[in-house]
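Please take a moment to look over the sequence and the model before reading on. The paragraphs below go from the whole chain to its interior, and then to a single residue.

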Amino acid sequence: MAKLDGKRVLACCANGAGSSLMMENAIKKVMDRNGIKLAELRHAPVAEGKSAARNYDIVMVAKTFVKTFDGVENDGTVLIPLKNVMSDKEIEAALKERDLLD
């Protein structure tokens with residue numbers, strides 16, 4: 001659990017309004033359920049997220065937009081593509097798969 005404490009997380013969707021806000025809320029559920037305190041959690045449109053991604057430890061994005069973030073992992077940012085951005089269960093499973101969550 002402590003692996004994510006103090007990390008910066010960015011949730012991205014097409015326009016940065018609806019679905020990324022819902023993704024942010026789902027991420028909050030996962031963090032609360034696991035007792036994790038992030039340094040920062042915010043949502044943004046893909047265009048902004050692409051340039052800001054390198055300033056975050058983790059970027060979560062709909063699978064549709066994953067190619068927009070090509071190369072971001074070369075700088076140490078973990079990119080997590082999601083099928084259902086509103087699913088806290090999928091987010092939690094993805095974090096466990098990446099060994100970021102116990």
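A residue is called buried when its relative accessible area is under 20%. By that cut-off, 43% of the 102 residues of the protein count as buried. The model is a predicted one, and this should be kept in mind throughout.

We can begin with the overall fold. The protein has three helices and four strands, and, read from the N terminus on, these elements follow the order β-α-β-α-β-β-α. The C-alpha atoms fill a box of roughly 30 × 30 × 20 Å when the box is taken along the principal axes. A compact globule with 102 residues would have a radius of gyration near 13 Å, and because the protein has 12 Å, its value agrees with that expectation. Contacts tell us how the chain comes together: among those in the protein with a separation of 6 or more, 56% are accounted for by residues 24 or more positions apart.

The outside of the protein can be described next. About 5,400 Å² is exposed, and carbon and sulfur atoms supply 49% of this area. There are 16 positive and 15 negative side chains, and the centres of these two sets lie 3 Å apart.

Which residues touch the most other members of the largest nonpolar core? In this core of 22 residues, they are Ile27, Ile58, Met60, Ile80, Ile91 and Leu95. At least two residues of the core come from each of strand E1 (8-13), helix H1 (18-33), strand E3 (58-62), strand E4 (78-82) and helix H3 (88-97), and H1 gives the most, with five residues. Another core, of twelve residues, lies apart from this one, and its members include Leu10, Cys12, Ala53 and Val72. To return to Ile91 in the largest core, and leaving out residues up to four places away in sequence, Ile91 touches Met23, Ala26, Ile27, Val30, Met60, Leu82 and Val85.

Finally, consider Leu4, which lies in the segment before E1. Is Leu4 buried or exposed? Its relative accessibility is 1%, and therefore Leu4 counts as buried. Not counting residues up to four places away in sequence, Leu4 touches Met31, Ile36, Lys37, Leu38, Ile58, Leu95, Leu100 and Leu101. One of these partners, Met31, is 27 residues apart from Leu4 in sequence, while the two are 8.7 Å apart in space, C-alpha to C-alpha.

Notes
Residues are numbered from 1 along each chain as its sequence is written. This is a predicted model: local features need pLDDT of at least 70, side-chain atom pairs count only at pLDDT 80 or more; totals for chains, interfaces and linings use all residues. Side-chain values use heavy atoms; hydrogens and water are left out. A nonpolar core is a set of buried Ala, Val, Leu, Ile, Met, Phe, Trp, Tyr and Cys residues joined through side-chain atoms within 4.5 Å. Buried means under 20% relative accessible area, exposed over 50%, partly exposed in between (1.4 Å probe, protein chains only). Contact means heavy atoms within 4.5 Å. The radius of gyration is taken over C-alpha atoms; the globule rule is 2.2 Å times the number of residues to the power 0.38. Accessible areas come from the Shrake-Rupley method with a 1.4 Å probe; for residues, only the protein chains shown count as cover. Lys and Arg count as positive and Asp and Glu as negative; His and the chain ends are not counted. The place of a charge is taken as NZ of Lys, CZ of Arg, CG of Asp or CD of Glu.
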